[in-house]
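Work through the exercises below with the coordinates open. Each task is followed by a stepwise solution.

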Amino acid sequence: MFSFKKHVLVCTSEKPGHCAEKGGPELLAAFREEVAKRGLQNEIYVTKTGCTSQHHCGPTVIIYPDGVWYKLVTKEDIPEIIESHLLGGKIVERILNREIGLFRKQA
Ligand code: FES
């Protein structure tokens, strides 16, 4: 049985104008690499996802069970997402997609 604490979904949809054209597949690979480098594979599960209708601000990254959606995510954002959000429980506000998600504003 594989049990993890956080599920990271990276959009890699390949239709024209979708997240693949904006670096989604490279972002997925970099996220997996960073999680592995930190030895967090058993805590953080990184998978790709299809379109979630947010490609106008993609690449999209979604964190569950938190229901937090990030927009315009770059490879440079990955360490902060891991350290602040996934390990520290603090949303990275500057890339938070406020149009969608289950997130609650944190103090
Ligand atoms: S293609 Fe990524 S959200 Fe639509």
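A residue is buried when its relative accessible area is under 20%, exposed when it is over 50%, and partly exposed in between. The model used here is predicted.

**Exercise 1.** Classify both partners of the salt bridge between Arg38 and Glu34.

Solution.
1. The N to O distance in this pair is 2.8 Å.
2. Glu34 has a relative accessible area of 14%, so Glu34 is buried.
3. Arg38, at 30%, is partly exposed.
4. Through shared partners, salt bridges connect Glu34, Lys37, Arg38 and Glu83 in one network.

**Exercise 2.** Check the length of helix H1 against the expected span and list its buried residues.

Solution.
1. H1 has 14 residues, and at 1.5 Å a residue these should span 20 Å.
2. The end C-alpha atoms lie 20 Å apart, which agrees.
3. The buried residues are Gly24, Leu27, Leu28, Ala30, Phe31, Glu34 and Val35.
4. An α-helix has 3.6 residues a turn, so residues three or four places apart point the same way.
5. The buried residues of H1 pack against E1, E2, E3 and H2.

**Exercise 3.** Determine which parts of the chain the salt bridge between Lys5 and Glu43 ties together.

Solution.
1. The closest N and O atoms of Lys5 and Glu43 are 3.7 Å apart.
2. Lys5 lies in the segment before E1 and Glu43 in the loop between H1 and E2, so the bridge ties together parts 38 residues apart in sequence.
3. Lys5 counts as exposed at 59% relative accessibility, whereas Glu43, at 29%, is partly exposed.

Technical notes
Residues are numbered from 1 along each chain as its sequence is written. This is a predicted model: local features need pLDDT of at least 70, side-chain atom pairs count only at pLDDT 80 or more; totals for chains, interfaces and linings use all residues. Side-chain values use heavy atoms; hydrogens and water are left out. Helices (H or I, at least four residues) and strands (E, at least two) are DSSP runs, numbered from the N terminus. The expected span of a helix is 1.5 Å times one less than its number of residues. Buried means under 20% relative accessible area, exposed over 50%, partly exposed in between (1.4 Å probe, protein chains only). Contact means heavy atoms within 4.5 Å. A salt bridge is a side-chain nitrogen of Lys or Arg within 4 Å of a carboxyl oxygen of Asp or Glu.
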